[in-house]
Amino acid sequence: MIFNSETYLFFLFAVVCLYWQLPQKGRNVLIFLASLTFYAFWRVEFLGILLLSTVTDYVVALKIAQTGDARRKKLLLGISLFVNLGLLVFFKYLYFFSTNIGTLGALLGQSWTITVPRVILPLGISFYTFQTISYSIDVYRGTAEPERDFILYADYVLFFPQLVAGPILRAGEVIHQFKRRHRFSLDNLGTGLRRILMGLFLKVVLADNIAPLVNDGFASEVSALSGVDVWVLAFLFGLQVYFDFSAYSHIAIGSARLLGIILPENFNYPYLAVSPQDFWSRWHISLSRWVRDYIFLPSSYGISSRLKKSRYGRIKTEIIIYGAGIFISMYLCGLWHGANWTFVIWGLYHGTLMFVYRLLRPLLKKCTPKGRRVGGWLFTLPLVMLGWIFFRSSGAGHALGLIKKVFIPAGYVQLGLRENVYLISAALMAGVVLVYVLKTFLLPRVKRYRVVFLAAESGFYSVVMGLTFIFLRPIEQFIYFQF
Amino acid sequence: MQENKKNRTKKPWVTAILPLLTGALASGLFLFLTQAGEEIKYDELALGQETAPWYSTYNGTAIHASVLDEVEPWIKPAGPARDKGIKHRVLWLGNSQLNGINQYEKGQENMVYHLFHRMRRRKVRVLGFSQPNAHLGEHYVIFEYIRSRVPFDTLVLPVVFDDTRNIKLREDIGTALRDGKTAAALSQSAAGKRILNRELRKKNNRRGDEFAALKNTLQEKSEAFLNGLSEKYVPLWSLREQARGSFFHFLYRFRNTVFNITAQTKRPVIKERYDFNMEAFKAILASAKGKNIGVLVYIAPLRQDVEPPYILAEYEAFKKDIREITEKMHAVYADLDASVPDRLWGSKGATGLMGRGELDFMHFKEPGHVLLAEKLERLLTDMFNRDGNEEEDE
């Protein structure tokens with residue numbers, strides 16, 4: 001089911017009304033059934049895959065906890081990884097790998113053609129497989145207890161607000177919430193509705209109306225675009241994907257809140273980041289945490305245990321460890337986003353930014369804190385936005401053709417996009433900064449004057465609601481649904 | 001102070017829910033008051049307030065179309081393109097200047113109607129196709145689409161400098177690209193290949209049809225059902241499309257106000273788009289020549305009483321380019337930019353949020369339509385006579 005639809009709003013309304021009438025056990029069963037229904041509205045036939053992943057890790061985790069044999073634990077964890085990653089590889093990467101093998105073969109003068117079926121990517125597979133993998137790993141590491149109640153465990157994996165596009169949850173974040181009986185509160189209702197409304201506004205009013213401009217821009221011939229146009233498209237798509245993805249998270253968090261469940265935040269003003277590291281602590285927070293805990297730290301630890309010296313040549317071992325860890329992590333992070341070299345390049349691009357920042361950190365410490373923040377933002381924002389060119393382009397060649405434009409000074413004179421595109425891009429970027437400033441500095445002061453604050457809030461929501469109402473129609477799928 | 005605090009916590013609905021309720025009521029009321037009532041056709045807003053679009057019919061069939069679906073009746077056995085005894089069939093492509101009558105009064109007709117009936121006496125069938133702000137790229141696609149369906153032997157093509165700033169294909173014309181014959185014809189020229197590649201890139205850049213996986217799902221069915229219910233029982237639901245149009249129109253006028261853009265603001269050439277339009281123009285003439293379709297190209301009328309919203313040197317260069325290309329391709333060229341007297345030009349509503357009416361540089365009153373039809377009648381008659389003499393000589 002897609003969020004920006006009447007169907008979802010009716011569905012959510014029905015679930016919330018029913019939820020608060022039921023006893024605790026009934027609520028958990030309702031969430032389980034509602035989540036299956038939510039997914040089945042997309043494709044019933046793919047429920048089996050979802051349940052396969054869910055049941056596999058439920059059983060694996062219980063068996064891991066039951067056995068004391070380290071080898072057996074490893075084997076069980078291997079089963080979980082095999083099933084989940086196997087599903088991911090089959091549905092998401094098989095065609096990509098087969099075409100690349102064919103291309104490699106052609107380069108070597110061989111014919112390595114592998115015929116594989118092109119299958120529909122099950123909605124949310126990249127998210128729920130990562131969630132179930134993290135559960136098994138946490139139980140394996142002993143940092144989490146396995147949940148014996150299948151319904152509770154299934155609620156954690158299948159919870160419909162976050163099922164298809166995150167936030168990627170840890171068992172410890174939500175299972176205890178499903179166990180606790182929540183009391184209905186108007187505060188949760190109000191907060192939940194606000195988050196859903198903001199999410200729908202960001203999606204149907206902003207992201208969906210930016211999309212045609214971005215689509216047109218990326219469909220233009222590269223020769224027709226200038227360096228300015230590439231920057232504008234980078235910023236515009238950066239804003240589109242931010243609004244789109246944060247919208248999903250808002251709706252997910254808001255929907256959960258209506259049921260008294262608190263999900264972790266997934267975004268924290270990422271375009272105000274003052275360094276590449278800071279960006280990843282603010283963007284898709286649940287994924288970057290996952291990558292840190294299950295790829296970066298283990299791989300760095302694995303590498304460090306093999307490097308005995310403190311220095312190799314002139315390079316410190318910690319730099320080597322960090323570099324290896326970050327490039328492995330960001331390579332896989334990029335690949336997770338999609339079966340295309342553009343995503344891999346995007347991931348490695350961010351890995352490079354973080355690695356270079358790490359190398360420059362000793363020098364940056366000599367700047368004042370304010371200088372580091374302002375300078376950091378002025379450097380980080382354009383570099384992050386430029387990276388979106390790889391993410392959005394249809395192929396590596398297209399992306400590189402666009403990126404090259406940025407480095408041609410003469411190409412900055414000509415403008416190839418419609419005039420409105422530049423205006424909209426500038427206005428939106430200014431809007432993002434303005435919202436942050438208002439929320440951080442003005443809002444706390446206005447809140448002291450209750451009547452004024454209520455009037456201002458009412459005015460704000462009348463605009464947001466009116467625009468959301470007139471723009472609500474499923475014309476553009478959420479970008480992260482394709483992952 | 002403590003009592004106030006108590007009162008505050010006793011009414012959490014005030015902070016939690018009241019702003020949302022108030023917001024919902026206020027926005028609903030605003031929408032209802034501003035949108036309920038007269039239906040606004042936003043695709044015609046480009047014409048300006050004082051200009052009305054008009055599409056004529058003959059014997060119940062449109063002789064002037066504005067969407068591709070309206071072309072289909074032309075090719076029916078009883079359609080206007082199949083009438084027996086017709087010596088020539090003329091296709092007239094254009095923008096809203098063809099269909100827009102400034103200061104419209106009931107009973108008035110546009111230039112397509114007038115030319116149709118003038119030429120009908122000479123056993124020549126004239127059919128028009130026009131869309132607001134149509135550019136030469138779109139004309140090229142429409143030309144190939146209609147040519148593969150309707151047997152015409154003459155093309156009348158006005159060229160408008162203003163429209164060389166556009167390159168985007170509207171949805172309706174984008175569907176013509178999916179027609180095999182049209183795509184095959186377009187692929188014969190560089191401009192056509194560029195159009196096809198651009199649309200293909202757009203399709204590829206969307207990473208396939210993102211909603212393909214939603215087709216024939218429960219979601220699709222439930223959405224259709226709920227939408228139907230909402231249309232029926234929620235008064236505001238059916239006003240949403242109009243409200244969207246109003247919102248974009250407001251943004252457009254807001255932009256014009258902020259940047260002081262009026263009808264007379266100079267619009268510079270956008271080189272890349274201009275070049276694309278010229279390539280499309282050449283492609284139309286080449287394709288017509290290859291199919292023995294005679295072409296009459298004319299520079300569209302422009303009001304002469306005030307300086308146009310163009311950089312004059314660029315406008316003159318444009319006319320020179322058009323003339324050179326036309327003559328090279330052995331088509332007929334006519335400069336009609338001064339053919340409609342100043343008194344016949346009209347005005348339109350302000351393009352900003354405030355301000356009075358502005359000059360309309362594109363649309364004129366009905367007598368102007370009559371005048372232009374007369375001029376085109378003479379040009380076409382000369383063209384047919386010349387071609388007839390050439391055939392006799394052969």
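Reader: Leaving aside its neighbours within four places in sequence, which residues is A:Lys63 in contact with?
Author: First, the ground rules: this is a predicted model, where local features need pLDDT of at least 70 and side-chain atom pairs count only at pLDDT 80 or more, while totals for chains, interfaces and linings use all residues. Residues are numbered from 1 along each chain as its sequence is written, chains are lettered from A and ligands numbered from 1 in the order in which they are written, and side-chain values use heavy atoms, with hydrogens and water left out. A:Lys63 sits in helix H3 (residues 47-66) of chain A, helices being DSSP runs of H or I with at least four residues and strands E runs of at least two, numbered from the N terminus. Contact means heavy atoms within 4.5 Å, and on that count the partners of A:Lys63 are A:Arg72 and A:Leu76.

Reader: How far apart are the C-alpha atoms of A:Lys63 and A:Leu363?
Author: Take the sequence first: A:Lys63 and A:Leu363 are 300 residues apart along the chain. In space, their C-alpha atoms are separated by 51 Å.

Reader: And A:Val406, is that residue buried or exposed?
Author: A:Val406 belongs to helix H15 (residues 396-406) of chain A. Leaving aside neighbours within four places in sequence, A:Val406 is in contact with A:Gly227, A:Val230, A:Trp231, A:Leu386 and A:Tyr412. The cut-offs are under 20% relative accessible area for buried, over 50% for exposed, and partly exposed in between (1.4 Å probe, protein chains only). A:Val406 has a relative accessible area of 10%, so the label is buried.

Reader: Which helix gives the largest share of the largest nonpolar core?
Author: A nonpolar core is a set of buried Ala, Val, Leu, Ile, Met, Phe, Trp, Tyr and Cys residues joined through side-chain atoms within 4.5 Å. The largest one has 156 residues, and those touching the most other members are A:Tyr39, A:Tyr156, A:Phe243, A:Tyr271, A:Trp283 and A:Trp388. The largest share of this core is 19 residues, and they come from chain A, helix H9 (residues 227-258).

Reader: How many residues are in the second, separate core?
Author: Before leaving the largest core, look at A:Phe243: beyond its neighbours within four places in sequence, this residue is in contact with A:Leu202, A:Leu206, A:Ala207, A:Ile210, A:Leu428 and A:Val432. The second core is separate and includes B:Ala65, B:Val150, B:Ala263 and B:Tyr310. Its count is 57 residues.

Reader: What share of chain B is buried?
Author: Chain B has 14 helices and 12 strands. Among its contacts with a separation of 6 or more, 79% join residues 24 or more positions apart. Of the 394 residues in chain B, the buried share is 50%.

Reader: Which side chain does the side chain of B:Asn110 make a polar contact with?
Author: B:Asn110 lies in the loop between strand E6 (100-102) and helix H5 (111-120) of chain B, and it counts as buried because its relative accessibility is 0%. A polar contact is a pair of N or O atoms within 3.5 Å; within protein, one must be able to donate a hydrogen and the other to accept it, and residues adjacent in sequence count only if both atoms are side-chain atoms. Here the distance is 3.5 Å, and the partner is the side chain of B:His64.

Reader: How much area do chain B and chain A bury between them?
Author: On the chain B side 52 residues are in contact with 59 residues of chain A. Buried area is the accessible area (1.4 Å probe) that two parts lose on being put together, summed over both. Carbon and sulfur atoms hold 57% of it, and the total is about 5100 Å².

Reader: Which element gives the largest share of the side of chain B that touches chain A?
Author: The rule finds three salt bridges across this interface, each a side-chain nitrogen of Lys or Arg within 4 Å of a carboxyl oxygen of Asp or Glu. B:Arg194 forms a salt bridge with A:Glu221, with the closest N and O atoms 3.6 Å apart. Elements giving two or more residues to the chain B side include helix H9 (190-205) and helix H3 (18-35). The largest share is eight residues, from H3(B).

Reader: Is B:Asn260 buried or exposed?
Author: B:Asn260 is not a glycine, yet it has a positive phi of about 55°. This residue is placed in the loop between H11 and H12 of chain B. With a relative accessible area of 59%, B:Asn260 is exposed.
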